[in-house]
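Subject: Structure for you to look at, with notes

Dear colleague,

I am handing over the structure we talked about, and my notes follow directly below it. Please read them with the structure open beside you.

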Amino acid sequence: MGSPRPPTGRTIVNKAVTVAGRVERVSAGPPQILGESHIQLRVTDLNRSARFYTEVVGFREHVRTKVQAILTCGPWQMGMVASIHRAGDPRTDDQPQIGYNVNQAGLQHLAFGLGSADEVDAAAIWLDTQGVRRMPVTDGFTPGSRYVTFYDPDGIPLEYYYMDAAYADVYGVQVE
């Protein structure tokens, strides 16, 4: 790696947005979250999972190392590691022993937004052509939503999801 870059005083919230960093210290209460940063998945086979998330789900591979891949989709970033490690040390070669267990506390599912209910239906057909295990397409619990749940190679539940902006207030989402 080359010489260190000078700090900008800004922080990356996601790949498309940077915001001013904060110098002042807050003494009490939770931190003020600026927005999403990324998600990282632990996978049993990095190559297999990277292929699945790029060729089937729709991400692009951005960076790859021996034990990690960073994928992007628009402003969104997702990392994958093929090792068991503690935060700050991804260099170990210990492989995860088992796939995802939906009966343990942790990630329930990861949802990717689509532009219409028809796109959700088309995505389900796409998943079928790729031989991906999925549940039936269904309308969501919130009016104006539709989704299909499917599973990555380690059994992590994923969704292609659509929510009509007319119901954004139900989710507390600001629509411009």
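Is Glu61 buried, partly exposed or exposed, and what is its relative accessible area? Glu61 is partly exposed, with a relative accessible area of 41%. Please keep in mind throughout that this is a predicted model, and that the values here are computed from it.

Glu61 brings me to the charged pairs. A search of the whole structure gives 5 salt bridges, and Glu61 takes part in one of them with Arg64, where the closest N and O atoms are 3.1 Å apart. Arg64, like its partner, is partly exposed, at a relative accessible area of 34%.

A second salt bridge joins Arg48 to Asp154, again with 3.1 Å between the closest N and O atoms. Arg48 belongs to helix α1, whereas Asp154 sits in the loop between β9 (145–151) and β10 (157–163), so this pair ties together parts that are 106 residues apart in sequence. The two partners are covered to differing degrees: Arg48 is partly exposed, with a relative accessible area of 30%, while Asp154 is buried, at 8%.

A third salt bridge runs between Asp121 and Arg146, whose closest N and O atoms are 2.9 Å apart. Because Asp121 lies in helix α2 (residues 117–129) and Arg146 in strand β9, the pair ties together parts that are 25 residues apart in sequence. Asp121 is partly exposed, with a relative accessible area of 27%, and a network of salt bridges links Asp121, Asp139 and Arg146. Helix α2 also holds Glu119, which is partly exposed at a relative accessible area of 38%; its C-alpha atom and that of Arg146 are separated by 9.6 Å, the two residues being 27 apart along the chain.

Next, the sheet on which these helices lie. Four strands form an open sheet in the order β7-β10-β9-β8, with mixed pairing. The edges are taken by β7 and β8 (138–139), each of which has a single partner strand, so one side of each is left without a neighbour in the sheet. Strands β7 and β10 pair in the parallel sense over 4 bridges, and within β10 the bridge partner of Phe112 is Tyr160, while that of Leu110 is Leu158. Helix α1 packs on the sheet, where it touches β7, β9 and β10, and its direction makes about 25 degrees with that of β10. Helix α2, for its part, lies across β9 and β10 and runs at about 20 degrees to β9.

Strand β7 deserves a separate look. In a regular strand the side chains alternate between the two faces of the sheet. In β7, Leu110 and Phe112 make up the covered face, whereas Ala111 and Gly113 make up the uncovered one.

Phe112 leads on to the aromatic residues. The search of the whole structure finds 6 aromatic pairs. One of them is formed by Tyr53 and Phe59, which meet edge-to-face, at 6.3 Å centre to centre and with 75 degrees between the planes; Tyr53 and Phe59 are both buried. Phe59 also forms an edge-to-face pair with Phe112, at 5.4 Å centre to centre and 75 degrees between the planes. Phe59 lies in the loop between α1 (46–57) and β4 (60–64) and Phe112 in strand β7 (residues 110–113), so this pair ties together parts that are 53 residues apart in sequence. Phe112, like Phe59, is buried. Taken further, ring pairs link Phe52, Tyr53, Phe59, Phe112, Phe150 and Tyr160 into a cluster, and this cluster includes Tyr160, the residue given above as the bridge partner of Phe112 in β10.

One further contact concerns a charge and a ring: Arg133 lies over the face of Tyr151, at 4.0 Å from the ring centre.

With best wishes

How values were computed
Residues numbered from 1 in each chain as written. Predicted model: local features only at pLDDT ≥ 70, side-chain atom pairs only at ≥ 80, totals over all residues. Heavy atoms only, no water. Phe/Tyr/Trp six-rings, centres within 6.5 Å; stacked < 30°, edge-to-face > 60°. Buried < 20%, exposed > 50% of the residue type's maximum accessible area, 1.4 Å probe, protein only. Helix = DSSP H or I, 4+ residues; strand = E, 2+ residues; numbered from the N terminus. Lys NZ or Arg CZ within 6 Å of the ring centre and 35° of its normal. Salt bridge = Lys/Arg side-chain N within 4 Å of Asp/Glu carboxyl O. Pairing = 2+ DSSP bridges. Contact = heavy atoms within 4.5 Å. Axes fitted to C-alpha atoms, helices over the stretch in contact; angles between N-to-C directions.
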